Each structure stands twice: as structure tokens, then as C-alpha cells.
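Student: I have a chain open and want to go through its geometry. Can you take my questions as they come?

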Amino acid sequence: MTEGTGGGTAIAGLGMTELGRVYGRSPRRLAADAVRLAAADAGLALGDLDGLLVSHGMGGSPGIELADTLGLRDLRLLSQLNSFGATAGAMVSYAAQSILSGAASTVACVFADAPLKPERSAGSAYHRDAPEWYGFGGMTAALGFRSVNAFYALAARRHMERYGTTGDQLGAIAVATRAWAAGNPRAQMREPITLDDHRASRWVAEPLRLLDCCLVSNGAVAIIVTGADRARDLARPPVHVWGWGQGHPGHRKERGSDFGLTTGALTSGPIAMKMAGVTPGDISQCQLYDCYTYTVLVSLEDYGFCAKGEGGAFAASGALGPGGALPTNTGGGQLSSYYMWGMTPLSEAVIQARGDGGERQAGRNDVILVSGNGGILDHHSTLILSPHPKGA
């Protein structure tokens, strides 16, 4: 371990641009603004950074040229990462390992995207012209599986058929998440909803309704990771990084596979929790990747907060919403707040760990689990964060 990092690593800065229907700025400009905001939040100058990790959304920008945009020189770490929705957790773990090894001391991690265009629907933002289909992929395309929504609907349907999960149980997640969003000034959707509203929302890809699906947002989020000893003397309370893990199950979408039944949380969760020295019973709150209500449900099972197949009943019990036993996605998540891929749950975890949640601040924040999910359940990352130094 490098001198000065005996206390581990911590998130010292958080920068968030305007999020949602934000037009007129490119993803690279948004990313640069977010890094500047994160550095200022930490009380650092841009020149204090010696590492930069970049991740982008559907637009393919920004890349490592962001360093030049920011005027960063003599960096010791500069890379572009992409494991889709699992990237935020991967960036934090890469930054933490680099700091602990001495390869870098202060690393900015940033994600930016701007898929929304004026006068175009949110649904069209992720539309891409059909690629040239061939082989097995061509057969699935002929059957109608041409979108991410369709494949997640297939996964959710499989969970329903195997375990009896119901649409109302998915709806309970949407309702609980919106209840949290009501207290988040940044949330795109703050109007409370009911199960009847969920039942009345249109099908996107059966069994997934509109209110089961995440929003689409423009914007950028950045964090600053540094040694915990250094973070203690900076402007904001440090958020300590206790553990991290990844899981990439490589499900084959064929008979006999576990596609739809399990996620990479089965692998990444135990790795991160073992590193942190905690069990599911120690987790105060969860910030889970909720591109769909279904991913929350199956992730809860795989992390061990309930038995396999009981995620629906667990969600319907009221455990996830305000006042529940396991506050989850306290900022409104991707379903109701904003969709910045893995930076959505990570940013809310930093806010909660600092006690900055305002009227949505959860009562307990000692140990926060953060998940990322990428591809069609292909990639998963887990972080364990805390306002307290590890072992304190």
C-alpha cells in the first residue's frame, strides 16, 4: 500500500450538471463541466488531478480527448472504460486500485451522454438504424427481438414463469421509487403514482409497461477519488470505498441457461461484501441499477436480501420505499429521477453518505450498496460505500 493511503480510498468530490432535457451542450462539454464541478466540490484545482477515467453513453463521446479539453497535463492515469451500465463501479475500483498502488493519487471519473434531441421523443433517443442481421441474431430479429426492451421483457417473463412474479410486484417498485423521487429536486418525474397508474400505463414490451422502464436523460456526472487520508482534509466529508467487485455471467440465451433468473450480482456482491467485511444484514440502504423495475427485483435476490424467487414479495412488502426496512434508490433512481447509467445510483449514494439528501435523506447511511448493470444482464459491478473509515 502506498504511503498516505493507509486509510484506504474515498470519494471526495461530486459534480452533476443539469440533467434531463438539457440541450445545446455536447457530451464532451457536459463532461468537462461535471469534472470542474466535482473538483470544486472537493476543494481542488483541476491541476491537482493526476488521473482521469472517462465513460460515454450512446453518442460515442467523450473519450480521452477530454483531458485536453480540460487542459490537464502530465497525467499518470488516463483511460476510457466501457462495461455499459457497470462502468461507474468499474471506474471507482480502477481508480481506487491505482491510488492504493501509487500509480495515481487523485482521479476524476466521469460519464456523459446527450441522446435526447429537441422535438423528438425520449423513445427515439436510443433508436438506431437496424444493423445487418445474420446468423442466430438474424433469427431473433425476425422474431421481433430488435431492442433492449424486448430482451429485458424476455428476462422478466422468464422470472415470472419460474417464480410466479407478478406485474403488480414490479409496479410496487415503480411506486416506491417515485415516492423517493418526490423529495429530489433533480428528479425528472416527481408526481406520485399508484399501482393503478402502473396498471394503466401502456405496454412497452410485455410484461414491461412504460412505468417499468427508465427515463432518458442528457447530462454528466463526475466524482473525484483520492486517498482517504487526503480526503479527510478536503472541502466535503469523504465517502469511503470499502469494497468493490465485478461479475460477467455470460448468459447464453438458450434452453437451460439462467438468463432472466440471475445476474452478475451473484458474483460481484459476495466479492465486494467480503472485501468490505459486511453481509447483507449490515447494509443500510441500496442504490441499485434500475433500468427496469425487474432489474431491481432480481438484484435484490442475488445480493441475498431475500431468497431466490421472493424478490417480488419483498418489494411488495413496502421494504424499499420511504420508511421501509431497506431504503432503495432514494433519489428516484433511473425510473423517476435521471438516467446517467451507473452514475445514477453512485451519485445518490454519495449524496446519502454525506447526509445531503434533504427531505429524502434515509435514516441510516452507515453502509451503502451500489450496483451497476450493463448489456442484457451481461455485466455487473458492486460497490460498498460508507461515511465512516473502514474498520472504524
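Student: Which residue just after α1 takes a positive phi?
Tutor: G43 does, with phi of about 80°. Helices here are DSSP runs of H or I with at least four residues, strands are runs of E with at least two, and both are numbered from the N terminus. This is a predicted model, where local features need pLDDT of at least 70, side-chain atom pairs count only at pLDDT 80 or more, and totals for chains, interfaces and linings use all residues. Residues are numbered from 1 along each chain as its sequence is written, and side-chain values use heavy atoms, with hydrogens and water left out.

Student: What should the 16 residues of α1 span, at 1.5 Å a residue?
Tutor: The expected span is 22 Å for α1, residues 27-42, and its end C-alpha atoms are 23 Å apart, which agrees. The expected figure is 1.5 Å times one less than the number of residues.

Student: Which residues of α1 are buried?
Tutor: They are P27, L30, A31, A32, D33, A34, V35, A38, A39, D41 and A42. Buried means under 20% relative accessible area, exposed means over 50%, and partly exposed is in between, using a 1.4 Å probe and protein chains only.

Student: What covers them?
Tutor: The cover includes strands β1 (9-16), β2 (51-56), β4 (106-113) and β7 (219-227), along with helices α2 (66-70) and α13 (343-354). Contact here means heavy atoms within 4.5 Å.

Student: Back to phi. Where does D74 sit, and what is its phi?
Tutor: D74 is in the loop between α2 and β3 (77-80). Its phi is positive, about 55°, although D74 is not a glycine. Most residues other than glycine have a negative phi, and most peptide bonds are trans.

Student: Is D74 buried or exposed?
Tutor: D74 counts as exposed because its relative accessibility is 75%.

Student: And what about F84?
Tutor: F84 also is not a glycine and has a positive phi, near 55°. F84 lies in the loop between β3 and α3 (87-101), and its relative accessible area of 39% makes it partly exposed.

Student: What kind of peptide bond joins S61 and P62?
Tutor: A cis bond, with omega about 10°. P62 belongs to the loop between β2 and α2. The bond from E206 to P207 is cis as well, with omega near 15°, and P207 is in the loop between β5 (203-205) and β6.

Student: Now α6. How many of its residues are buried?
Tutor: 11 of 15, so α6 is mostly covered. The helix runs over residues 167-181 and reaches 21 Å from its first C-alpha to its last, close to the 21 Å expected. Among its buried residues are L170, I173, R178 and W180.

Student: What do the buried residues of α6 pack against?
Tutor: They pack against five helices and a strand by name: α5 (148-163), α7 (195-200), α10 (293-303), α11 (311-316), α12 (333-337) and β6 (208-209).

Student: How many disulfides does the search find?
Tutor: Zero in the whole structure, where a disulfide is a pair of cysteine sulfur atoms within 2.5 Å.

Student: Why is C286 not bonded?
Tutor: Because the closest cysteine sulfur, in C306, is 10 Å from the sulfur of C286, too far for a bond. C286 is buried at 0% relative accessibility, and C306 is buried at 14%.

Student: Where is G277?
Tutor: G277 is in the loop between α9 (265-276) and β9 (285-287). At 59% relative accessibility, G277 counts as exposed. Its C-alpha is separated by 8.2 Å from that of W242, which is 35 residues away along the chain.

Student: What does UniProt say about residues 254-386?
Tutor: An unreviewed UniProt entry annotates them as "domain: Thiolase C-terminal". Its positions are given in the numbering used here, feature names are shortened, and annotations may be inferred rather than shown by experiment. In the model, that span is 35% helix and 14% strand, with its end C-alpha atoms 40 Å apart.

Student: What radius of gyration does the chain have?
Tutor: The value is 20 Å, which agrees with the figure near 21 Å for a compact globule of 392 residues. The radius is taken over C-alpha atoms, and the globule rule is 2.2 Å times the number of residues to the power 0.38. Buried residues make up 58% of the chain, which has 13 helices and 11 strands.
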